[in-house]
Structures are given as structure tokens and as C-alpha cells.
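User: I'm new to this one and would like to know how each label is earned. Can you walk me through it?

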Amino acid sequence: MAQWGQLGFQDGASPMMEQLIFFHDHALLVLLLITTLVGYLTASFMLSSLTSRYILEQQTIETIWTILPAIILVFLALPSLRLLYLLDEVGMSCLLTIKATGNQWYWGYEYSDFKGMEFDSYMLPEDTLEAGQYRLLEVDRRMVVPTKTDVRMLITSNDVIHSWAVPSLGVKVDAIPGRLNQTSFMATNEGVFYGQCSEICGTNHSFMPITIEAINVDDFSQWVMLTTQED
């Protein structure tokens, strides 16, 4: 999760989030080179009293500074389009399907592959938090997923527009009433990943966190058995 004073992204916990961080670094490097070049030329022209009619009246330089930005945009657009298509693609290899339903102001989860396995996830009040739990982020029932497994998320809402977002997994999908949106992710390592509703949805918009716990497949199987017995 994000820490105080952190300027960059959270550590990527899925392949897609790692790719997004790589693209961000790539775009930032290009921006740095452009800023350096433009800054150098601006300072050079401002501090130099010399003039040249070949620079003031020259078709070649105008052609260069028209074509060069277009080439730079191509180097930015191609990896960006690739990521957009990958983010939108939900493959057939998903082994687990979970439906997340937004409500004012909590999330409901339904594991479609297991009969009758559904529960609601409410934020824990501040006076019930234990040591190591985070205010406004911890819930009474976490969404549990297995690691290194493709998970399909079906996301909708029962009332107003919400947004199911988990930054460390690179996932952000709007929950719209009457519409079923889908996305997928794969947690590459075990851990607890936090998110929040990212669409202003009313008075308690800030109090409907998302908490995902990624565990290994064997522990997930045991968790499923215990949860189905309790329900």
C-alpha cells in the first residue's frame, strides 16, 4: 500500500501493474529528454546575442521540429495502445470468477464457481481495529483469491455508480447499475492489497474500502471449504 511521502506507484502485485509502471518510466524518460532539449535551446537563444538568418529563415529546421515530435508520439503511442488492449482483454484461461456488487456504502462478493458462496464486506470501525490494521482500509470480510491464478471480476452496482479500484493490482472498473463490467487480474505474490471506491457515490463514499487477500492455492481451497460450511 502507499506510504507517507511516497512519490511513485505502489509495488506492482500483478503482471499488468508491472507493465503499467514500466510504461510510466518509459514515458517519463522521454518527457525528461524533451524538457532538457527545449530548456537548453530556450536558454541558448535567450542568452546569446548572435543571430543567424539560416535559423530565422530556414525550411529545414521547421521540417525537423514538425517530424521529430511525430516520431516521439509514435514511440509513446505504440506501447500505450498495447497496454490498453491487454487491460481490456479478459482471456479464456480464468479459473475463478468473482462478482463484486457496489452498494451504499459497502461491497458484496459472490464466488460464482461455488454454490451459495457470497458475503458482504463492511469497513471496520476505528474503535475495533487491531494492531497492524489500517484505518478506513480494513474490512470485516476480505475478498480472498489464490496467487498465480487468473481471476475474472464481474462488477456491477445496486444503486449508484461506484468504482472498484485496487492500485497495486492495476485494476479500476466502474460499477454501473444495470450493467455488468468485467476485468481480470492475477496476483503474483501472497499479501493483502487495499483499494477504495474511486467514484464519488454519496455521503459515505470514503468508507467503502476494498481489501483483497492473496494466498496460495492450497490455503485457498481450505478457505473455500470453511466458508461454505459457515454459510
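**Two domains and what lies between them**

Analyst: Sure. This is a predicted model, and the C-alpha centres of domain 1 and domain 2 lie 40 Å apart.

User: What makes these two domains, and where do they run?

Analyst: The domain assignment of the protein chain does that: domain 1 covers 15-88 and domain 2 covers 96-228. The bounds come from an automatic or database assignment.

User: How do you know that domain 1 and domain 2 are in contact, and how many residues take part?

Analyst: Contact means heavy atoms within 4.5 Å. By that test, 5 residues of domain 1 are in contact with 7 residues of domain 2.

User: What area do domain 1 and domain 2 bury between them, and which residues of domain 1 lose the most?

Analyst: The two bury about 380 Å², with 60% of that on carbon and sulfur atoms. On the domain 1 side, Pro15, Met17 and Leu87 lose the most area to domain 2, together 81% of what that side buries.

User: How many salt bridges are there between domain 1 and domain 2?

Analyst: The count is 0. A salt bridge would need a side-chain nitrogen of Lys or Arg within 4 Å of a carboxyl oxygen of Asp or Glu. For residue pairs in polar contact, both at pLDDT 80 or more, the count between the domains is also 0.

User: Which element gives the most to the side of domain 1 that touches domain 2, and what kinds of residues are on that side?

Analyst: Helix α1 (residues 15-47) gives the most, with 4 residues. That side of domain 1 divides into 4 nonpolar, no polar and 1 charged.

User: Why is residues 20-43 called a "transmembrane region"?

Analyst: That name comes from UniProt (unreviewed entry), which places the feature at residues 20-43 and 64-87. Such annotations may be inferred rather than shown by experiment. In the model, residues 20-43 are 100% helix and 0% strand, with end C-alpha atoms 34 Å apart. Residues 64-87 are also 100% helix and 0% strand, and their end C-alpha atoms lie 35 Å apart.

User: What does the UniProt domain annotation cover?

Analyst: The unreviewed entry gives "domain: Cytochrome oxidase subunit II copper A binding" for residues 93-226. Over that span the chain is 7% helix and 43% strand, and the end C-alpha atoms are 26 Å apart.

User: What makes the peptide bond between Gln104 and Trp105 cis?

Analyst: Its omega is about 0 degrees. Trp105 lies in the loop between β1 (96-103) and β2 (106-111).

User: What is notable about phi of Leu136?

Analyst: Phi there is near 70 degrees, a positive value in a residue other than glycine. Leu136 is in the loop between β3 (118-121) and β4 (143-146).

Methods:
Residues are numbered from 1 along each chain as its sequence is written. Side-chain values use heavy atoms; hydrogens and water are left out. Buried area is the accessible area (1.4 Å probe) that two parts lose on being put together, summed over both. A polar contact is a pair of N or O atoms within 3.5 Å; within protein, one must be able to donate a hydrogen and the other to accept it, and residues adjacent in sequence count only if both atoms are side-chain atoms. Helices (H or I, at least four residues) and strands (E, at least two) are DSSP runs, numbered from the N terminus. Ala, Val, Leu, Ile, Met, Phe, Trp, Tyr, Cys and Pro count as nonpolar, Asp, Glu, Lys and Arg as charged, and the others, Gly among them, as polar.
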